[in-house]
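Got the viewer open and a selection tool ready? Let's walk through this one stop by stop, picking something out each time and seeing what surrounds it.

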Amino acid sequence: MATPDTRFIPAYAKINLSLEALRRREDGYHDLASIMQTISLHDTLRMLPATNESVDCVCDVETLATQDNLAVRAAHLARSLLSSDAEPGLRVELHKEIPFQAGLGGGSSDAATVLAVLNRRWRLGMSAESLELASAKLGADVPFFIRGGTASVSGIGERVSALPDIPPLWIVLAMPPARVSTPLVFKALTPADFSTGEHTAALEQLIGRGDALDTRHMVNSLEARAFELFPAIAQARDALLQAGAPFVRMSGSGATLFAPFRELADAARVVANAREQGLTVQLTHTVGRDEIAHSRSVVSEPTEESPCAS
């Protein structure tokens, strides 16, 4: 009998290399155009077979150890995709490192990682495209994390087009002392904040050709309103620039800010200067699709007795 696969699996965070709000839809959501990129900051998951039919969550953040956790909801979604009536039990262990309400997609990444791993472990036979479609039920950012890497995202986030991975970059993250409400930021958008998506399209062309990123096209339509609503984000942006970062952008609806670097020495210098100013910063780097796929690969085959053993 095969030994159950109980490895620790990373669920990587993301940044938005661009994020443009195109229009407010009748349903209250917004059509977006964005380039997303996975980075090395990650939560850690372990999925263990359970003897009963329940799906339980153990998390080092007590308030997240509930059935409402996106990782648990993803496991239930995976069970609903089984071709048989079996309801394999599962214990999801989750160690959180990605900050909450930070514009880094932590919960969405957890959910996508659970879906992608169980797709293989339970032999669901779902393609990446099918998983992206199914995962949209869990949240707008979840489809991107099914494959991760570099991708163009549109609609409310449910339409994902994989792009060539960008050349490796060091990414300095700054976490201001602000807990952002995404709905509040989107509600504050005015027609002046909307755009045609031309910057994202230009960035997509650069990435497709393998050219260097042009910061003129690395825009975020939500920044102005987020800075007004949460001044601590604007203050942290200014402090990161003063620390020597040549370019700083907010990820998602905030509050996290990021600065990209080609050279480690330059990134490390900014990290040291920022910490002297009292900023909470972290040095990360970009992560490509192949690395993500490898981290989720199943080593042993499932046993015939249980679809959740592998």
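Select leucine 173 to begin: with a relative accessible area of 0%, this residue is buried, where buried means under 20% relative accessible area, exposed over 50% and partly exposed in between (1.4 Å probe, protein chains only). Leucine 173 sits in strand E7, residues 170–174. Helices (H or I, at least four residues) and strands (E, at least two) are DSSP runs, numbered from the N terminus.

Two things to keep in mind as you click around. This is a predicted model, in which local features need pLDDT of at least 70 and side-chain atom pairs count only at pLDDT 80 or more, while totals for chains, interfaces and linings use all residues. Residues are numbered from 1 along each chain as its sequence is written, and side-chain values use heavy atoms, with hydrogens and water left out.

Stay with leucine 173 and show what it touches. Leaving aside neighbours within four places in sequence, its contacts (heavy atoms within 4.5 Å) are Ile15, Ile39, Leu41, Thr256, Leu257, Phe258, Thr280, Val281, Gln282 and Thr284. Now add methionine 250: it is 77 residues from leucine 173 along the chain, and the two C-alpha atoms are separated by 9.5 Å.

**Zoom out**

Show the whole protein chain as a cartoon. You should find 10 helices and 10 strands. The radius of gyration is 20 Å, close to the 19 Å that the globule rule gives for 310 residues, so the chain is as compact as a globular protein of that length. That radius is taken over C-alpha atoms, and the rule is 2.2 Å times the number of residues to the power 0.38. Along its principal axes, the C-alpha trace spans about 60 × 45 × 40 Å.

How much of the chain is buried? Buried residues make up 54% of the 310 residues. Of the contacts with a separation of 6 or more, 75% are between residues 24 or more positions apart. Switch on a surface, too: the accessible surface comes to about 13,800 Å², and 51% of that belongs to carbon and sulfur atoms. Those areas come from the Shrake-Rupley method with a 1.4 Å probe; for residues, only the protein chains shown count as cover.

**Two helices with a buried face**

Pick helix H3, residues 128–135, where the buried residues are Leu131, Glu132, Ala134 and Ser135. Looking down the axis of H3, these buried residues fall within an arc of 165°, so they line one face of the helix. The arc is that of the directions from the helix axis to the C-beta atoms. What do the buried residues of H3 pack against? Color helix H1 (70–80), helix H2 (106–121), helix H4 (142–147) and strand E6 (159–162) to see the partners.

Next, jump to helix H10, residues 289–296. Here Arg289, Ile292, Ser295 and Arg296 are buried. Down the axis of H10 they fall within an arc of 130°, so they too line one face of their helix. Turn H10 around and you'll meet Asp290 and His294, exposed on the other side. The cover over the buried residues of H10 includes strand E1 (9–24), strand E2 (30–50), H2, H4, strand E5 (150–155) and E6.

**Inside H2, and at the end of H7**

Select aspartate 110, which is in helix H2. Is this residue buried or exposed? Aspartate 110 is buried, with a relative accessible area of 2%. Not counting residues up to four places away in sequence, aspartate 110 touches Ala11, Asp43, Leu45, Ala71, Leu94 and Lys96.

Then go to leucine 229 in helix H7, residues 223–229. Leucine 229 counts as partly exposed, at 35% relative accessibility. Beyond residues up to four places away in sequence, leucine 229 touches Leu184, Val185 and Ala188. Valine 185 is 44 residues from leucine 229 in sequence, and 7.6 Å away in space, C-alpha to C-alpha.

**Backbone stops in the loops**

Three last picks. In the loop between strand E4 (89–95) and H2, find glutamine 101; it has a positive phi of about 45° although it is not a glycine. Glutamine 101 is partly exposed, at 43% relative accessibility.

Arginine 123 lies in the loop between H2 and H3. Its phi is near 55°, a positive value in a residue other than glycine, and arginine 123 counts as exposed at 55% relative accessibility.

Finish at alanine 255, in the loop between strand E8 (249–250) and strand E9 (257–261). The peptide bond from glycine 254 to alanine 255 is cis, with omega near 15°.
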